[in-house]
Amino acid sequence: MNDTNNQATQKLSPFKSLTGEQKKLLNKILSFIKKHINKDYPAIFTIYGDAGTGKSVVLSALFNKIQEANRCHKGVLSNSNNYFLVNHPEILKVYKQIAGSVKTLYKKDYMRPTSFINQMDKKHKTADVVVIDEAHLLLSKPDHYNNFYYNNQLQEIINRAKVVILVFDEYQVLRMKSLWTPARLEKITHKYPHEEYYLQHQFRMTAPDDLVKWFDDFTHGKITKIPQDARKNYDFRIFNDAEEMRQEIVKQDKKHGLARILATSGYPSTLDGGKHYIKEGKFKMPWDQYNYTATPWAEIPTTVNEVGSIYTCQGFDLNYAGIIIGPPISQVPGTMKIQVNLNKITDIEMFKKRSDLTDPTEIKTLERKMVMNALNILFKRGIYGTYIYAHDPLLRATLEKLYSKIKLS
């Protein structure tokens with residue numbers, strides 16, 4: 001593995017070769033755009049898919065095709081006004097880097113949703129085609145911190161566009177201010193002419209399908225037997241010591257690059273020298289710091305000495321991920337079930353109140369799901385290997401016992 005192959009710009013390149021299914025989907029969306037772009041009402045195309053199913057790769061290739069047609073002044077897309085939106089600053093950096101090296105893509109084509117909405121209003125313009133990556137991160141309530149004063153970013157984008165193409169994964173919804181379910185999404189998208197497509201093949205991880213299912217079962221609250229082939233062409237390990245896991249991650253980073261420690265919420269701020277540290281026994285490392293550079297967090301070599309969060313790793317590939325399952329997630333004694341301890345969540349942005357949610361039971365259910373969604377995102381980062389350490393002693397012992405029963409060859 002060389003440094004070039006590790007770069008997110010290569011993995012999201014619009015020139016990355018697509019599978020037969022992805023090519024068919026690309027052509028299907030282009031036909032959809034051409035069919036609807038000159039109508040006097042918006043049309044929506046939704047791509048559904050779990051983490052690692054190649055959604056962003058399709059969008060990157062699609063937007064390049066749209067802008068090629070736009071700037072070569074031929075066909076219905078000639079001189080069209082098109083934008084690519086993503087509500088994730090780290091991923092936006094990658095797309096802007098790509099745009100800087102491709103003739104038909106301009107950096108100004110890529111922006112955050114709020115910036116797009118404000119710009120359209122300021123210029124009194126409407127976009128032709130808007131492509132939205134990570135639509136599950138769109139705000140679904142006002143958020144003054146982000147200068148968003150409407151009720152729903154998706155609805156406001158649709159109000160300012162002729163055709164909207166978006167990707168959505170219900171298992172990557174992480175905050176109440178961007179609360180989405182398939183039903184909430186469809187309540188908006190199904191008001192308009194719409195088509196949908198489901199991507200299901202897992203591209204990111206080289207893990208056996210049985211292990212991917214084990215991760216999914218875990219994040220649905222069930223501890224099941226670790227599959228016998230968990231380590232077949234994949235480096236899967238359970239650790240009893242977080243510091244030992246860190247040392248292995250450092251070794252992998254020296255060999256292959258892009259090996260990082262990641263953790264869930266649940267570590268209170270104990271500021272030490274201006275940094276927020278995570279401590280587990282002999283293990284002590286600072287949380288990821290705000291990244292002011294144009295380089296994504298994982299691609300900065302020194303971040304091997306930080307702990308990544310969902311906010312820096314969501315949407316990115318790692319070669320090896322060492323995952324700390326923090327205090328909010330523990331095993332129910334006497335069972336093989338997982339419980340979510342909401343009182344141990346330390347991410348204050350996660351559960352802000354919404355005026356459209358008043359049922360305490362529904363709120364708790366949604367909050368627990370978001371915690372497990374965050375863990376699911378961490379589980380799906382490692383291309384070649386995933387290492388796990390659990391804070392909860394009972395869960396840690398159970399995982400060790402299950403791990404001891406599989407083939408280690």
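Trainee: Where is the place of Asn233?

Mentor: This is a predicted model. Helix H9 covers 209-219, and strand S7 covers 235-238. Asn233 sits in the loop between H9 and S7.

Trainee: Is Asn233 buried or exposed?

Mentor: The cut-off for exposed is over 50% relative accessible area. Asn233 has 67%, so the residue counts as exposed.

Trainee: What separates the C-alpha atoms of Asn233 and Pro360?

Mentor: Along the chain, Asn233 and Pro360 are 127 residues apart. Their C-alpha atoms are separated by 45 Å.

Trainee: Is Glu134 buried or exposed?

Mentor: Glu134 lies in the loop between S4 and helix H7 (153-158). Its phi is near 55°, a positive value in a residue other than glycine. Buried means under 20% relative accessible area. At 6%, Glu134 is therefore buried.

Trainee: And His124, buried or exposed?

Mentor: His124 is in the loop between helix H6 (113-123) and strand S4 (127-133). Its phi, too, is positive, near 55°. The relative accessible area is 74%, so His124 is exposed.

Trainee: Which helix gives the most to the largest nonpolar core?

Mentor: The largest nonpolar core has 77 residues, and Phe116, Phe218, Phe236 and Ile325 touch the most other members. The helix that gives the most to this core, with nine residues, is H12 (360-379).

Trainee: From which domains does this core draw at least three residues each?

Mentor: Two domains qualify. They are domain 1 (8-198) and domain 2 (209-404).

Trainee: How many residues are in the second, separate core?

Mentor: Its members include Leu30, Phe32, Ile33 and Phe45. The size of this second core is 38 residues.

Conventions:
Residues numbered from 1 in each chain as written. Predicted model: local features only at pLDDT ≥ 70, side-chain atom pairs only at ≥ 80, totals over all residues. Heavy atoms only, no water. Helix = DSSP H or I, 4+ residues; strand = E, 2+ residues; numbered from the N terminus. Buried < 20%, exposed > 50% of the residue type's maximum accessible area, 1.4 Å probe, protein only. Core = buried A, V, L, I, M, F, W, Y, C linked by side-chain atoms within 4.5 Å. Domains from an automatic or database assignment.
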